[in-house]
Amino acid sequence: MYGINIFFLRGLRSVDSPPFGVLNKIVKGKINSDILIIGSSRAYIHYDCSVIHSATNMSCFNIGMDGTQLDSYLALFKTYLFHNRAPAILLVNLDLTSFSI
């Protein structure tokens, strides 16, 4: 069982595509962005970091994820801060589904 666990963990840690790819970048401390966007899939889909970078000349990274709610945002942001420098601007996308229990 231990060998299977190591096999899966190594596989997940090598994934670059969302959502595991974003989590891997957070934990590896590879983001360190000036502007950080967090929220549900609405944040992930609606905020284009290339447009934001063009308008502000600041680095931007979007860690919005499908199906997340407010409690998940806090855990994700705390993990981000543990491994990356604090962003100058935090954009939190809130809508009615963010508060669902």
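This report describes the fold, cores, surface and selected residue pairs of a predicted model.

**Overall fold**

Five helices and three strands are present in the protein. Their order along the sequence is α-α-β-α-α-β-α-β. The chain has 101 residues, of which 31% count as buried. Among contacts with a separation of 6 or more, 72% are between residues 24 or more positions apart. The exposed area of the protein is about 6,700 Å², and 63% of it comes from carbon and sulfur atoms.

**Nonpolar cores**

In soluble globular proteins, nonpolar side chains tend to be buried together. Here the largest nonpolar core has eleven residues: Val22, Ile26, Ile31, Leu36, Ile38, Ile63, Met65, Tyr73, Leu76, Phe77 and Tyr80. Two or more of these residues come from each of α2 (20-27), β1 (35-38) and α5 (70-83). The largest contribution is that of α5, which gives four residues.

Ile26 is one of the residues of this core. Apart from neighbours within four places in sequence, Ile26 is in contact with Ile31, Ile63, Leu76, Thr79, Tyr80, His83 and Asn84. A second core, separate from the largest one, has six residues, including Ile35, Ile37, Cys49 and Cys60.

**Aromatic pair**

A pair of aromatic rings is described by the distance of the centres and the angle of the planes. One aromatic pair is found in the whole structure. It is formed by Phe77 and Tyr80, with ring centres 6.4 Å apart and planes at 10 degrees; the angle is under 30 degrees, so the pair counts as stacked. Phe77 and Tyr80 are three residues apart in helix α5, so about one helical turn separates them. Both Phe77 and Tyr80 are buried, and both belong to the largest nonpolar core.

**Salt bridge**

The structure has one salt bridge. Its partners are Asp34 and Arg85, whose closest N and O atoms are 3.2 Å apart. This pair links distant parts of the chain, 51 residues apart: Asp34 lies in the loop between α2 and β1, and Arg85 in the loop between α5 and β3. Asp34 is partly exposed at 22% relative accessible area. Arg85 is also partly exposed, at 41%.

**Positive phi values and surface**

Most residues other than glycine have a negative phi, and most peptide bonds are trans. Asn32 is not a glycine, yet its phi is positive, at about 45 degrees. Asn57, likewise not a glycine, has a positive phi of about 60 degrees. Asn32 is located in the loop between α2 and β1, and Asn57 in the loop between α4 (49-56) and β2 (60-62).

On the surface, Leu70, Leu90, Val92 and Leu94 form a nonpolar patch with about 300 Å² of accessible area together. Leu94 sits in the segment after β3 (89-92).

The table lists the relative accessible areas of some residues discussed above.

| Residue | Relative accessible area | Class |
|---|---|---|
| Asp34 | 22% | partly exposed |
| Asn32 | 28% | partly exposed |
| Arg85 | 41% | partly exposed |
| Leu94 | 45% | partly exposed |
| Asn57 | 65% | exposed |

Asn57 counts as exposed because its relative accessible area of 65% is over 50%. Leu94, at 45%, is partly exposed because its value falls between the limits of 20% and 50%.

Terms used: Residues are numbered from 1 along each chain as its sequence is written. This is a predicted model: local features need pLDDT of at least 70, side-chain atom pairs count only at pLDDT 80 or more; totals for chains, interfaces and linings use all residues. Side-chain values use heavy atoms; hydrogens and water are left out. A nonpolar core is a set of buried Ala, Val, Leu, Ile, Met, Phe, Trp, Tyr and Cys residues joined through side-chain atoms within 4.5 Å. Buried means under 20% relative accessible area, exposed over 50%, partly exposed in between (1.4 Å probe, protein chains only). Contact means heavy atoms within 4.5 Å. Patches are made of residues with over 30% relative accessible area and no salt bridge: like charges are joined within 9 Å, nonpolar side chains (Val, Leu, Ile, Met, Phe, Trp, Tyr) within 5 Å. Accessible areas come from the Shrake-Rupley method with a 1.4 Å probe; for residues, only the protein chains shown count as cover. A salt bridge is a side-chain nitrogen of Lys or Arg within 4 Å of a carboxyl oxygen of Asp or Glu. Rings of Phe, Tyr and Trp (its six-membered ring) pair if their centres lie within 6.5 Å; planes under 30 degrees apart count as stacked, over 60 as edge-to-face and the rest as tilted.
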